[in-house]
Structure formats: structure tokens, C-alpha cells
Amino acid sequence: LCINSGSICLSAPFLGFLIDRYNPYIFLVISSIFLPICYMFIGPLPLLSFVGPSKPQLLFTLLCLGFFVPMGCTPVLLVMFDVYKTKTGGVLPQTIQNVIVSLYCASFPVGAFLGSTISGIVAEKYIFEWSTGILALIFIAESLACLVFCWGVHVMKKNRKLSQFEEEYSETTPILFDGK
């Protein structure tokens, strides 16, 4: 687990830098595609008979998880603000309700709790290799939801036409101002 935590600590700032420079939706989609693949290789899933369980394979998979988890988590706030701006005509809120912030902060512990609970229930009935495959199926469902969401936002942005007033007074300052 030290490999997983260490790779998260090292990759998160680097990914944050890249996400600030490029489209955050791309990172969400890439993460949602590769997370199920990583879970299939943790066991590995018995259907992947060409991959035998080994320590290097497990360590590499944990390293990849440590890269793709922050890739999916880091752009979430940017995406939330982007969707809000799209729905309100380019205006960001002056205040944010604490409920929203607390839900965002609680999403990670809730995910860890649900993941551990589901893993425990599944592990009682199936061997470890199949239980990681079942978790990969859950991530595939999440990937499909993420793809539908990103496509929906793209369509919403494409169909949204700003009025002359909204174009002149819309918020264009990035969330994190780098002083340039």
C-alpha cells in the first residue's frame, strides 16, 4: 500500500499541473477507462489467463492505481465549476454552500467505506481474483456514467448560446490565478 499511497502523493501535483493546462474532462475520461483495467489486473482476473499473479505485476498495478485515482479525483472541482458556469451563463457563484463542500469532502471516505464493504461481502463468496473482477464491473458502470456525463456537458455547452450581455460580463478569470 505504500507504493499506491506514494504514487498518489507524487502524481497528484503533476496531474494538477497538467489538468490546469488542458481539458479536465479528458483526464476524467482517461481515468474512468483505466481504473477498471487496473482492477482487472490486481487479482488478476481469471479470464486474463495470459497474466499470472506475481509481485512485480501487483506492484505495477498498484503504481498505476496511484496514478489514475488522482487523475479522476483532481479535476472534479474544476468540472463542477465549469458545469455551473455553463448552466448560469458564465457567472460563478459568490458563495458556495457548505453542504456542497462537505459532500465533496465526504465522497472519498464514503467511497473507501463502500469499497471495503462491497469487497468484504464479495470476498466471502468468491476468491480474490473474481472479487477484483466484480469491483472492475462496478468501475465499468462508473466509466459509462462518466462518459455519458462528459458527453452531456459537451452537448449542453454546444447548444448554449450566450447573449451579448452574458458574453461581455461573463467570468473568464481562471479559478487559480497564477499571476501572469
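Let's start with one term: a residue is buried when its relative accessible area is under 20%. Keep that in mind. What I'm showing is a predicted model.

First, helix α1. Which residues of α1 are buried? They are Asn4, Ser7, Ser11, Leu15, Gly16 and Ile19. And what covers them? The cover includes helices α2, α3 and α4, with α4 running over 76-88.

Now the form of α1. This helix has 20 residues. From first C-alpha to last, α1 reaches 29 Å. At 1.5 Å a residue you would expect 28 Å, so the two values are close. Where does α1 kink? Look at Ser11, where there is a kink of about 35°. The proline Pro13 comes shortly after. Recall that Ser11 is also on the buried list.

Next, Leu15, another buried residue of α1. Set aside its neighbours within four places in sequence. Leu15 is then in contact with Phe67, Pro70 and Met71.

Leu15 also belongs to the largest nonpolar core. How many residues does this core have? It has 11. From the list, find Leu15, Ile19, Phe27, Leu35, Cys38 and Ile42. Then add Leu62, Cys64, Leu65, Phe68 and Met71. Three elements give two or more residues each: α1 (2-21), α2 (24-42) and α3 (55-73). Which gives the most? That is α3, with five residues. Apart from this core lies another, of seven residues. Among them are Leu28, Val83, Cys146 and Val153.

On to helix α2, where we find Ser31. Is Ser31 buried or exposed? Its relative accessibility is 2%, so Ser31 counts as buried, the cut-off being under 20%. Leave out residues up to four places away in sequence, and Ser31 touches Phe68, Met71 and Gly72. Two of those names should ring a bell: Phe68 and Met71 are in the largest core.

Last, the largest pocket. It holds about 1400 Å³ of space. How many residues line it? The lining has 39. Nearest the centre lie Leu35, Val69, Gly111, Ala112 and Phe139. Leu35 is a residue of the largest core as well. The elements giving two or more lining residues are α1, α2, α3, α4, α5 (98-125) and α6 (128-159). Which one gives the largest share? Helix α5 does, with 12 residues.

To recap: α1 kinks at Ser11, α3 gives the most to the largest core, and α5 gives the largest share of the pocket lining.

Definitions and conventions
Residues are numbered from 1 along each chain as its sequence is written. This is a predicted model: local features need pLDDT of at least 70, side-chain atom pairs count only at pLDDT 80 or more; totals for chains, interfaces and linings use all residues. Side-chain values use heavy atoms; hydrogens and water are left out. A nonpolar core is a set of buried Ala, Val, Leu, Ile, Met, Phe, Trp, Tyr and Cys residues joined through side-chain atoms within 4.5 Å. Buried means under 20% relative accessible area, exposed over 50%, partly exposed in between (1.4 Å probe, protein chains only). Helices (H or I, at least four residues) and strands (E, at least two) are DSSP runs, numbered from the N terminus. Contact means heavy atoms within 4.5 Å. The bend at a residue is the angle between axes fitted to the seven residues ending there and the seven starting there. On a 1 Å grid over the protein atoms alone, a cavity is a set of points where a 1.4 Å probe fits but cannot get out, and a pocket is an open set with protein on both sides within 12 Å along at least five of seven lines; lining residues have an atom within 4 Å of a point. Grid points are joined across faces, edges and corners, and a volume is the space filled by probe spheres set on the points.
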